[in-house]
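Ready for a few exercises? Take a look at the structure below, then try each task before you read its solution.

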Amino acid sequence: MATYDLVVIGTGPGGYVCAVRASQLGMKVAVVEKNATLGGTCLNVGCMPSKALLHASEMFEEAEHSFAKMGVSVSAPKLELPAMMNFKQQGIDGNVKGVEFLMKKNKIDVLKGTGKILGTGKVEVSADGKSQVVETKNIVIATGSDIARLKGIEIDEKRIVSSTGALSLEKVPGKLLIIGAGVIGLELGSVWHRLGAEVMVVEFLDRILPGMDGEVARQFQRILEKQGFAFKLGSKVTGVEANSKALLAKVEPAAGGAAETIEADVVLVCIGRVPYTDGLGLKEAGVALDNRGRVQIDAHFATTLKGVYAIGDVVAGPMLAHKAEDEGVAVAEILAGQAGHVNYDVIPGVVYTTPEVSSVGKTEEELKQAGVAYTAGKFPFTANGRSKVNQTTDGFVKILADAKTDRVLGVHIIGREAGEMIHEACVLMEFGGSAEDLARTCHAHPTRSEAIKEAALAVGKRAIHM
Ligand code: FAD
Ligand code: NAI
């Protein structure tokens, strides 16, 4: 019987990163994966394929709408959807191979099959009707999440799709109805809208992107509407009927009332994700779940069963790949006797649309609710030189700083490349920096990042270019 220091169940960004770090720290490690390929949701049907399609569709749209105004004359671009899907697949394959390489390089055994915890130190791995039991000092559960479903709306991944089906549609839908104005709805809605679909988003709440700063969400909604998105907020889809020609969705006000029927060619259900623990045998083994079905852990990722830990989407916190990765590193370091740690106050969130939306730390709503006195410094990209010459001036940077100490508590950006720009705010916040620190840091000219420096100056009411 094989014995290990650590067996990680699941090879998403949480699991494979945990395995690599544990191996670096001298542990004998195995990963268990039930999927045919490594990399989890993120590499196979999440972050990476969606970003490939976002990039390709953005290029298509630029060629269609932006080249001419820069004096670049090309004939109207033609969409070759199979080739675009092939571009996406090449990206997936490249990244999956990268994880396989990392497993080999770090001498991590890959056990293909479904992992089940039999008790402390024992994992059963089953595939094709055969099973083996491996012994290990510690186990990390990194089994991720699955799509949340809507009662009465059957996902067939052809016409009624989850994000997985929406990443592989065979043709551009004439009308795409999206249920849920969260990250997936707005990213994948952008992909298909750029490629020609009419997009309507039905959202239960009276705003888009719950959890993001309210002002950012309002402005972002206006930008998306200008692009052609239609929103039906405060509404819910109660059922979808299919006939041979179209899908007929019944949409009602969230609080109840008269229903209307909206026609669509494809319906995308993206109302969140749920922790995935099927087949792990947690109940029998004595691993407790919380009231939302997530694996219950303490501050050191330990579950209720000795020697069993959990990280990533299957535990509480934002369902983000980089959060899972950082938890993977932290738990490996804890198991090696080090002080592994994740700073949950500084986890950036990015929506990879055009423009992008990025955010780290507290929103204005959260600060108000907590009764924290703050100063806001805001700077629009219309006043940023580089954005002006590129004619990409949508959006702004907003910095929220403690009114007494000037410590930066939150940074929110809408704008091109906002997802890259957020990281200087993350570093600043990780070191407990102030708006004044940022304002006094020299920023290269001409860059979009100068808008961050200007927003920091605006906290002290002394922005230069506004
Ligand atoms: P997962 O990546 O879900 O991996 C879990 C793995 O465990 C899977 O491979 C699964 O097969 C395996 N597994 C489960 N049970 C067992 C078992 N019993 N035995 C063996 N193997 C098992 N996040 C971002 O940060 N940025 C993005 O841009 C982004 N885009 C996304 C786009 C989409 C369309 C979706 C759906 C998600 C996106 N996410 C994004 C979220 C991100 O994918 C997840 O937060 C991340 O994958 C979580 O990592 P994880 O390691 O916890 O789990
Ligand atoms: P989400 O939680 O971001 O958004 C779901 C939306 O659906 C919310 O606005 C919610 O109010 C709404 N909703 C819920 N029930 C509804 C109903 N019955 N009718 C209408 N609206 C309803 O979830 P989403 O977009 O499915 O994404 C899942 C997870 O994947 C997120 O937690 C996110 O963190 C992650 N992800 C991250 C990305 C990124 O970092 N760029 C990209 C894509 C996904």
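**Exercise 1.** In the hairpin of β4 and β5, which residue takes a positive phi?

Before solving, some ground rules: this is a predicted model, where local features need pLDDT of at least 70, side-chain atom pairs count only at pLDDT 80 or more, and totals for chains, interfaces and linings use all residues. Residues are numbered from 1 along each chain as its sequence is written, chains are lettered from A and ligands numbered from 1 in the order written, and side-chain values use heavy atoms, with hydrogens and water left out.

*Solution.* Start with the strands (DSSP runs of E, at least two residues, numbered from the N terminus). β4 covers residues 114–119 and β5 covers 122–127, and they pair in the antiparallel sense over five bridges; pairing takes at least two DSSP bridges. One bridge links K116 to E124 in β5. Now go to the turn: two residues sit between the strands, and G121 has the positive phi, near 75°.

**Exercise 2.** Find the strands at the edges of the open sheet of five strands.

*Solution.* First write down the order, β18-β19-β22-β21-β20, with antiparallel pairing. Next look for strands with a single partner: β18 (349–351) and β20 (374–380) stand at the edges, so one side of each has no neighbour in the sheet. On average, neighbouring strands here are turned by 10° against each other, direction ignored. Finally, check β18 against its partner: three bridges join β18 to β19 (residues 356–361), and V351 has V357 as its bridge partner in β19.

**Exercise 3.** Describe how α3 and α4 pack.

*Solution.* Take the angle and the distance: α3 and α4 (residues 81–105) pack at about 140°, with axes 9 Å apart. Axes are lines fitted to C-alpha atoms over the stretch in contact, and angles run from 0 to 180 degrees between N-to-C directions. That makes α3 oblique to α4 (not under 35 degrees, over 145, or 65 to 115).

**Exercise 4.** Which helix gives the most to the lining of the second largest pocket?

*Solution.* A pocket is an open set of points on a 1 Å grid where a 1.4 Å probe fits, with protein on both sides within 12 Å along at least five of seven lines; lining residues have an atom within 4 Å of a point. This pocket is lined by 32 residues, with E58, E62, T354, T392 and R416 nearest its centre. The elements giving two or more residues are α3 (47–65), α7 (214–227), α11 (385–390) and α12 (418–430). The winner is α3, with eight residues.

Note on methods:
Helix = DSSP H or I, 4+ residues; strand = E, 2+ residues; numbered from the N terminus.
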